[in-house]
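Student: I am new to this structure and would like a close look at a single part of it, the largest cavity and what surrounds it. Please take me through it slowly, and set it in the context of the whole chain.

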Amino acid sequence: MTRSVRRLGPLTFPGDAVTIGDPNRDHVRLGTAGLEARSADAPTDFIAWDDVDALMLDVPQTRFRFASVAWSALAAAITLASTQPPDFNPEDQGTLTVVAKDGSRLLELSPYRHGKYWVRDVERVQAFLDRLVDDPTQRDLLRSSGRTTRAFVSGLP
């Protein structure tokens with residue numbers, strides 16, 4: 001049985017992990033020890049939390065809350081009109097800038113859907129990242145289920 005992936009803005013919760021970006025493409029996996037940049041399933045870079053001074057999320061944003069629904073409706077209309085699904089992938093790459101003790105790194109993030117992320121969700125995710133950097137005790141949330149972490153991030157101002 002396939003388990004659905006829960007999402008909150010650019011955060012995804014596939015299984016017991018917490019990631020930023022599409023877990024099947026370029027993404028960053030958040031762990032209790034640090035950040036792991038990944039391309040699909042292959043790790044490409046690891047940065048320990050102790051080396052991280054700041055994280056800055058830069059993803060396409062919109063004030064329209066249901067942008068992905070609009071894109072899905074457009075794809076459905078194209079499919080109905082042409083009897084073939086449209087052949088397009090989300091193009092707007094995002095980035096996560098990691099300011100570390102040994103310099104800054106720019107990590108690529110693939111979106112998991114078309115359209116832009118609702119600005120309110122992006123603000124909450126950035127606040128969550130700030131807490132992870134500033135308060136090591138907050139990293140225990142990364143051990144908990146995706147549902148617990150998602151509920152915590154959803155409640156951030």
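Tutor: What follows starts with the chain, moves to the cavity and one residue of its lining, and ends with the salt bridges.

This is a predicted model, in which local features need pLDDT of at least 70 and side-chain atom pairs count only at pLDDT 80 or more, while totals for chains, interfaces and linings use all residues. Residues are numbered from 1 along each chain as its sequence is written, and side-chain values use heavy atoms, with hydrogens and water left out.

The chain holds three helices and 11 strands, where helices (H or I, at least four residues) and strands (E, at least two) are DSSP runs numbered from the N terminus. Read from the N terminus, the order of elements is β-β-β-β-β-β-β-β-α-β-β-β-α-α. Of its 157 residues, 39% count as buried, a word that means under 20% relative accessible area, with exposed meaning over 50% and partly exposed in between (1.4 Å probe, protein chains only). Taking a contact as heavy atoms within 4.5 Å, residues 24 or more positions apart account for 55% of the contacts with a separation of 6 or more.

Now to the cavity itself. Rolling a probe the size of a water molecule over the atoms shows where empty space is left. Here a cavity is a set of points, on a 1 Å grid over the protein atoms alone, where a 1.4 Å probe fits but cannot get out, and its lining residues have an atom within 4 Å of a point. A search of the whole structure finds one cavity of 30 Å³ or more, and the volume of the largest cavity is about 30 Å³, a volume being the space filled by probe spheres set on the points, which are joined across faces, edges and corners. Its lining consists of 10 residues, with Val-59, Gly-94, Leu-109, Pro-111 and Tyr-117 lying nearest the centre. Sorted by class, the lining has six nonpolar, three polar and one charged residues; Ala, Val, Leu, Ile, Met, Phe, Trp, Tyr, Cys and Pro count as nonpolar, Asp, Glu, Lys and Arg as charged, and the others, Gly among them, as polar.

Among these lining residues, Gly-94 can be followed further. Gly-94 belongs to strand β9 (residues 94-100) and is buried, with a relative accessible area of 3%. Leaving aside residues up to four places away in sequence, Gly-94 touches Asp-58, Val-59, Leu-107, Glu-108 and Leu-109. Although Gly-94 and Leu-109 are 15 residues apart in sequence, their C-alpha atoms are 4.8 Å apart in space.

To complete the setting, consider the charged pairs. A salt bridge is a side-chain nitrogen of Lys or Arg within 4 Å of a carboxyl oxygen of Asp or Glu, and by this rule the count comes to eight. In one of them Arg-38 meets Glu-36 at 2.7 Å, N to O; Arg-38 is buried at 14% relative accessibility, whereas Glu-36 is partly exposed at 21%. Another joins Arg-124 to Asp-121 at 3.9 Å, N to O, and because these two are three residues apart in helix α2 (residues 119-134), about one helical turn separates them. Both Arg-124 and Asp-121 are buried. In the salt bridge between Asp-140 and Arg-143, the closest N and O atoms are 2.6 Å apart, with Asp-140 partly exposed at 44% relative accessibility and Arg-143 exposed at 60%.

Technical notes
On a 1 Å grid over the protein atoms alone, a cavity is a set of points where a 1.4 Å probe fits but cannot get out, and a pocket is an open set with protein on both sides within 12 Å along at least five of seven lines; lining residues have an atom within 4 Å of a point.
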